[in-house]
Amino acid sequence: MARLRSEEEARAYERMINPRLPGETFEQRFPNAVNSKLFADHQTQIDPDDETTYADVNRQMALIMNVLLSIVACSVALWLVASSWSTPRRLALSMGGSILVAVAEVVVYAGYLGRMKEAREKGRKQIEIKEIIKTWVVGDESGPSQEKKPVDIVPTDISGRSMDNRARKRTVRPP
């Protein structure tokens, strides 16, 4: 144990006397490169816009993997179902089924993107009206002679149900 400790102290002393040279980054080696920021050797601060981009990339990668899995699963299932057919016919069936599934996936995803775009535009057009339902004063400062009591208020909506301590009602009026 003493030997290991002394070796580690010797290594620490060597590192202190002869520090390692800092690694050269791609940007330092090729300063005029157009995409030198792409090969950074350290994590830079991420902008909020980039965070959205990373979320989109993650969603798109999951979508690609899902589509590829469904295409491969369909072709394997059709190949196994047509096991009594000749190999060229089985191949044609499984390829045709895979192409059909790929086209269906693209159509469904395109419809999804179109509906998301419509919903986003509709959400931007709607005007939100904020209306104060109930107000109260906690502790009137009119004089010290009045006794101040704690107030327990539970906001309710129009029908009398509790609104989970929300004090505002929001309604959306179409334009």
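Start by selecting Ala73, which sits in helix 3; helices here are DSSP runs of H or I with at least four residues, strands are runs of E with at least two, and both are numbered from the N terminus. Ala73 is partly exposed, at a relative accessible area of 42%. On this scale buried means under 20% relative accessible area, exposed means over 50%, and partly exposed lies in between, with a 1.4 Å probe and protein chains only as cover.

Before you go on, keep in mind that this is a predicted model, where local features need pLDDT of at least 70, side-chain atom pairs count only at pLDDT 80 or more, and totals for chains, interfaces and linings use all residues. Residues are numbered from 1 along each chain as its sequence is written, and side-chain values use heavy atoms, with hydrogens and water left out.

**Across to Ser98**

Now add Ser98 to the selection and draw a C-alpha to C-alpha distance from Ala73: the two are 8.6 Å apart in space and 25 residues apart in sequence. Ser98 belongs to helix 4. Is Ser98 buried or exposed? Its relative accessibility is 9%, so Ser98 counts as buried.

Which residues does Ser98 touch, once its neighbours within four places in sequence are left aside? Show Ile71, Cys74 and Ser75, and you have its contacts, a contact being heavy atoms within 4.5 Å.

**Along helix 4**

Widen the selection to residues 87-125, which is helix 4. Its 39 residues should span 57 Å at 1.5 Å a residue, and the end C-alpha atoms are 57 Å apart, so the two agree. (The expected span is 1.5 Å times one less than the number of residues.) While you are here, colour Arg90, Ser94, Gly97 and Ser98, which are buried in helix 4.

**Back to helix 3**

Select residues 48-81 for helix 3, and pick out Leu68 within it. Leu68 is partly exposed, because its relative accessibility is 46%. Add Val57, Met61, Ile64 and Met65, and together with Leu68 you are looking at a nonpolar surface patch of about 470 Å². Patches use residues with over 30% relative accessible area and no salt bridge; like charges are joined within 9 Å, and nonpolar side chains (Val, Leu, Ile, Met, Phe, Trp, Tyr) within 5 Å.

Staying in helix 3, show the side chains of Asp56 and Arg59, 3 residues apart, or about one turn of the helix. Their closest N and O atoms are 3.7 Å apart, and they form a salt bridge, meaning a side-chain nitrogen of Lys or Arg within 4 Å of a carboxyl oxygen of Asp or Glu. Asp56 is partly exposed at 31% relative accessible area, and Arg59 is partly exposed at 39%.

Next, jump to Glu8, Arg11 and Arg15, which salt bridges with shared partners join into one network.

**Over to helix 1**

Zoom in on one pair from that network. Arg11 and Glu8 make a salt bridge with closest N and O atoms 3.5 Å apart; both are in helix 1, 3 residues apart, about one turn. Arg11 is partly exposed at 44% relative accessible area, as is Glu8 at 36%.

Then slide along to Arg3 and Glu7, another salt bridge, with closest N and O atoms 3.1 Å apart. They are 4 residues apart in helix 1 (residues 2-17), so about one helical turn separates them. Arg3 is exposed, with 56% relative accessible area, whereas Glu7 is partly exposed at 33%. How many salt bridges does the rule give in total? The count is 4.

**Zoom out**

Show the whole protein as a cartoon: there are 4 helices and 2 strands, in the order α-α-α-α-β-β from the N terminus. Buried residues are 7% of the 175. Of the contacts with a separation of 6 or more, 46% come from residues 24 or more positions apart. The exposed area is about 15800 Å², with carbon and sulfur atoms supplying 58% of it; areas come from the Shrake-Rupley method with a 1.4 Å probe, and for residues only the protein chains shown count as cover.

Last stop: colour by pLDDT, the predictor's confidence in each residue, from 0 to 100. The protein averages 77, and 63% of the residues score at least 70. Confidence is highest in helix 4, at 92, and lowest in strand 2 (residues 168-173), at a mean of 56. Where pLDDT is low, the predicted coordinates should not be read in detail.
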